[in-house]
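Reader: Could you walk me through this model and explain the terms as we go?
Author: Gladly, let us take a look together.

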Protein chains: 2
Amino acid sequence: MVKSKTDIIAQDIAAKIRHGQFKAGTFIPSENQLTTLYGTSRETVRKALERLNSLGLIQKIRGKGSIVLNLERYSFPISGITSFAELNRSLGMNAKTKVLELKKMESLPKFFKEKFPKQSKQEGIYVERLRLIENEPEVLDCDFLFTPPIKELPLKVAQNSIYNYIENDLGLEISYATKEVTVERINTDLQKKLAVGDNLAVLVASHSFLSDTTPFQLTLSFHDPSKFKFVDFARRQKIKP
Amino acid sequence: MVKSKTDIIAQDIAAKIRHGQFKAGTFIPSENQLTTLYGTSRETVRKALERLNSLGLIQKIRGKGSIVLNLERYSFPISGITSFAELNRSLGMNAKTKVLELKKMESLPKFFKEKFPKQSKQEGIYVERLRLIENEPEVLDCDFLFTPPIKELPLKVAQNSIYNYIENDLGLEISYATKEVTVERINTDLQKKLAVGDNLAVLVASHSFLSDTTPFQLTLSFHDPSKFKFVDFARRQKIKP
DNA sequence: GAGTGGTCTAGACCACATT
DNA sequence: ATGTGGTCTAGACCACTCT
């Protein structure tokens, strides 16, 4: 996995924003200055800035420059595709994962079919994991990993990062996901696992794909509604839904 | 507002996907073909395709082509910045808006300050609107529009589209927003307005900005949890949070 | 007028798929 | 060998902001 110049520039500027070297409300160097700084063409610099712009790290203003936006990302985001392990690392949460179940299955679990009715019979691996933050249950993640492309799943991987395993050990390229967030009534078994009083939970259902459009994962995440918080950044689109 | 070639190409291909001219699971013409089709350079075509790619309309696969993804966007998205009026039009919902309140205020309403504690005293216009779909209450939108940049808000605008008014009548450029989704307990007054049994609602709090980073709007949207559904498309980022 | 970002071009070389 | 998308370049012209 070689990084392109665009990757390097975007990540470098993002790091400088995170570390406060470029402060919120101030302008970063102009495109021409960045061009000489990184020794590339202006279009390459512009591609890197466009990435930061769409993520909400900067705002480009014609005739003036690119200003660093005031971002406060201390919460639990479900936008983007980021694994729990990655979030834990980058946000410095005191988080733990408890694997409740891990088994191969001949077909999709029943309660998955309600949310993913179009899925046909398919072999795979079922994993159920409770996520705790500061020793309090926060999320119950139920994953179904398709076989193929995922043949095996060591317990140690489930305890740590499945995404790291898929990308680095299996060499697959995780690309995109569709997500659906709803509020659902849950049974007493789930109430007990999450240790919540209400019989309601926030359900995030995800369908994830590799870069060749192969589906590899279905996830049902049940969140304690009193702890659920989802932060998003959105830009006004020129292409309407 | 002149459209760039990139805009035209992106919107044209998006329309062809929506109308089924380019079908899900099939490849759209190659970049070289599109280059001759639209009479532009390849980089321009690529910028248009990149936009469709990030929106989840297509998936680019190296060595093969760009495949149309299977999108089903029949639900109520809060991702992106799209006004209720725009959604109603493009999704063909039978939706109505009932303006419950519209008044100028010297400062931010009290219940806004809990969600936006950093806002200082500021003059503005408060609007409260109930959104009905198929004659059933779905969302209560509470908006606070800053003065400046928004001096006046005719009742007729509140009944139709505030965004259309801001962009087309005032000539301002709506650019981006931060959003936060939580589940909150609501009082009986709100329960009555939304006609829900539970004392819980999904709250979407938004902070919206113009392209010069001027804030112009705060919104608190209370959703009936049993009807709330939020669909998102996400790509794996090279820049980690 | 000088500096900024916005758009577009024509061409180059590369990595990957397919035949 | 051919066709596909991925990356990068050097340069051009434009629209806007500020002094």
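Reader: Which residues come nearest to DNA strand C, and what makes a residue near a strand?
Author: This is a predicted model, where local features need pLDDT of at least 70, side-chain atom pairs count only at pLDDT 80 or more, and totals for chains, interfaces and linings use all residues. Residues are numbered from 1 along each chain as its sequence is written, while chains are lettered from A and ligands numbered from 1 in the order in which they are written. A residue is near a strand if its C-beta atom, placed from the backbone, lies within 6 Å of it. Of the 22 residues around DNA strand C, those that come nearest are A:Ser30, A:Glu31, B:Lys5, B:Thr40 and B:Gly63.

Reader: How do the residues of that surface divide into nonpolar, polar and charged?
Author: Asp, Glu, Lys and Arg count as charged, Ala, Val, Leu, Ile, Met, Phe, Trp, Tyr, Cys and Pro as nonpolar, and the others, Gly among them, as polar. By that rule the surface near DNA strand C has twelve polar, ten charged and no nonpolar residues.

Reader: Which elements each supply at least two residues of that surface?
Author: From chain A, α2 (31-38), α3 (42-55) and β2 (65-68) do, and from chain B, α1 (5-18) and α3 (42-55). Helices (H or I, at least four residues) and strands (E, at least two) are DSSP runs, numbered from the N terminus.

Reader: How is chain A divided into domains?
Author: An automatic or database domain assignment gives the bounds: domain 1 of chain A spans 5-68 and domain 2 spans 84-223. Their centres, taken over C-alpha atoms, are 35 Å apart.
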